[in-house]
Amino acid sequence: MEEDKHMEEGETEKGLEVAPAIIASHPTQNSVSVAVGSDLRVFDLRGDCPVNLVDDSGGPMHNDSIRAIRYGASGKRFVSAGDDKLVKIWSAETWHCIHTVNSEKRVTAVAISNDDLYVCFADKFGVVWGVDLHALDDNQTLVNMKPSPMLAHYCSIITSLEFSPDGRFIVSADRDFKIRVTVFPKKPLDGAHEIQSYCLGHTEFVSCVAFLCTLDYPHGLLLSGSGDSTVRLWDISSGSVLDTCEVGAKAGLLESNGSEEDSSTVTDLCVIPGSMFVAVAIQSLQGIMVLSCDISARTLCVAKVVSIPGENFIPTSLGCSSSAELLWIVTGVSNLRGFDYPSLARVRVISGFKKGNPDSSIVLEDNEIPGGEKLLEKLQGTISIEENVFSAAAEAVKTAMSNLLLKKQYPSERREFRKRTRNDRKIKK
Amino acid sequence: MLQSKSNPTLSKSTGLPRKRFYRARAHSNPLSDSHFPVPVSPSHVDYSLSYPLFFTSSDQADSSRKIKFADIGCGFGGLLISLSTLFPDTLMIGMELRDKVTEYVKERILALRISNHSQYQNISVVRTNSMKYIPNYFEKGQLSKMFFLFPDPHFKEKNHRRRVISMHLLDEYAYVLGIGGIIYTITDVEELGDWMKTCLESHPMFEALAEEELEADPVVKLLSSATEEGQKVARNGGQTFQAVYRRVVPSQ
Ligand SMILES: C[S@@+](CC[C@H](N)C(=O)[O-])C[C@H]1O[C@@H](n2cnc3c(N)ncnc32)[C@H](O)[C@@H]1O
């Protein structure tokens, strides 16, 4: 009963769980969004001002940890979802909430189809649901916007959902070690039954997936990061692994204090659009690792480590726009207990990837970030953060990330006790 | 012969394992987490362990040979044993969640291999949760037959998602079955029979076999007679409900 139980128990711990801060950047960098706990913060880079979210969908605002935020590829729409079982669909132009979908279970991942017509979200039971957004464009009544189950990973929590660049497939990764590639059908609400491939090779949970594509390779190659300290490159049509990059080994070498075992878990990946570079967040690394992909040789290797000095800055999430000027990085957690701040979010920015040479990338000072102090005040909740908050938060960040990615382990005595007290187990003669 | 003197779990007269030493609880919860090894991918499945005669370590020439039949929730293994001699050149595997039952089937097969020289080399059993790990064992389109005989009924509505046939799991079975592959289901629980039929009927990648096809297929006759559960139902004069469907290319 283990897994079943904890999923159900989880439902009652509302508000107590610590969630990592997450970040997303608009595809053409019109805005940047950060979510910490139930708080969704958006800064309008075009207008150079903080955004006031307006909810006229009639649904409630988020009231528990937000676990996933996403812009659609066109930049018109935005979704936020999480532990409060709400999937909120926003206009990324006016920042009105257009619609609120109620999920039966907590939501762990979301994606918007490339044509903006479907929102897909994954729940705590491993089911991926589809919501048809046609009605939004047609100004119809939104009655038929109930989610329908499309596919499922049998009782494994889905950590990441991605559409392939050509829109033909939807990729779902889970806390076991599976990546499933499913044909995205013409009528998704009737179910996505046709599995194209499984990308199998990771030996721990898969934390993140992302596509790398170029004009020459419009179908793209898939990248995945995992608790097994590797980033892998896949051909999704066959599910075969093209290359495996051991980032753990590299991160360990570079980190003097990276002594703990779980320290090289890959927590997030972000492809720098239009380049061959992939930014990687690693559990112990104060900064990011940049991998370089040779798409014709189909290889992946470490190009550089960009460290972020001071501050104990271990990223919890990465975001990048397709115009690729900047890599947005956040670290933070909700529910920092015993501090003046209820939560922590610290935003840093790395620039210079466009040059095609990772050596030209630099970490911007706060006053060099577009939006400057106004942006930091909005996204962080405060302009400057005291040093001691960072060190206090470091532990919390770690806990939040492992809670998110690792399965709960039950002590063996408890498991034995449960077994012993089962009725059907009593010896029958 | 096996060391039947020293092993009390084997019957002295037949050399076969005695079932009462392998009794386990009636139902396992397929959602609980694994405490058994899982192959990382189908290419990591070690065939030489399961089918030593087909895959002697010195002779890897046969490495293109793949498992073709899977008996899901094989229980005590009766179906595998009947199929083994009917399709002597086909590799088949039973998947079973209960540890003790799996051990029993392993012993049973070993004993049969010994007492029937050169037979029963094509069948094997593995302990796993088929609801989670089928893609770890089989490649796309690898299987030609899958069996679901007398699966646990999970009556309560909230436990329906534990049923081994569901719309979502059929997606996986459609993935591991080749085009034209056949899925065989049977149960003595009418409600479950209806459920399995409805799922298969609604799934775009499965199509019912015609009456003549069912009659011509020698395997269909085994569904109600070959397994321990089937024999029990037959002894008690129970009714059975079967659904046999073929994997097809989805229309559109
Ligand atoms: C009622 S028995 C039927 C056994 C056999 N097919 C027969 O007809 O005699 C169902 C079997 O399925 C097994 N089972 C249930 N869930 C399973 C799962 N997820 N993976 C593998 N086996 C499972 C049970 O342990 C049990 O042995």
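Reader: What joins strand β7 of chain A to strand β8 of chain A, and why do the two strands pair?

Author: In this predicted model, β7 (residues 77–82) and β8 (residues 86–91) of chain A run antiparallel and are joined by five bridges. Two strands pair if DSSP finds at least two bridges between them, so β7 and β8 of chain A qualify. Strands are DSSP runs of E with at least two residues, and helices are runs of H or I with at least four, both numbered from the N terminus. Within this pair, A:Ala81 stands opposite A:Val87. Residues are numbered from 1 along each chain as written, and chains are lettered from A and ligands numbered from 1 in the order written. Local features need pLDDT of at least 70 and side-chain atom pairs 80 or more, while totals for chains, interfaces and linings use all residues, and side-chain values use heavy atoms, without hydrogens and water.

Reader: Which strands of the five-stranded sheet of chain A are edge strands, and what makes them so?

Author: The order in this open, mixed sheet is β5-β9-β8-β7-β6. Its edge strands are β5 (54–55) and β6 (66–71), each of which pairs on one side only.

Reader: How do you know that strands β27 and β28 of chain A pair?

Author: Eight bridges link β27 (residues 326–333) to β28 (residues 344–351) in the antiparallel sense, and A:Leu326 stands opposite A:Ser351. Both strands belong to an open antiparallel sheet, β26-β27-β28-β29.

Reader: Which helices of chain A lie across β27 and β28?

Author: Helix α4 (residues 372–380) runs at about 140° to β28, and helix α5 (residues 387–405) at about 90° to β27. Such angles, from 0 to 180 degrees, compare the N-to-C directions of lines fitted to C-alpha atoms, for helices over the stretch in contact, that is, with heavy atoms within 4.5 Å.

Reader: What makes the pair of B:Leu149 and the ligand a polar contact?

Author: A backbone N or O atom of B:Leu149 lies 2.8 Å from a ligand nitrogen, and a polar contact is a pair of N or O atoms within 3.5 Å, so the pair counts. A side-chain N or O atom of B:Thr227 is 2.7 Å from a ligand oxygen.

Reader: How many residues surround the ligand?

Author: There are 18, B:Glu96 and B:Arg98 being among the closest; near means a heavy atom within 4 Å. In chain B, β2 (91–96), α4 (130–137) and α9 (228–235) each supply at least two of the shell residues.

How values were computed:
A polar contact is a pair of N or O atoms within 3.5 Å; within protein, one must be able to donate a hydrogen and the other to accept it, and residues adjacent in sequence count only if both atoms are side-chain atoms.
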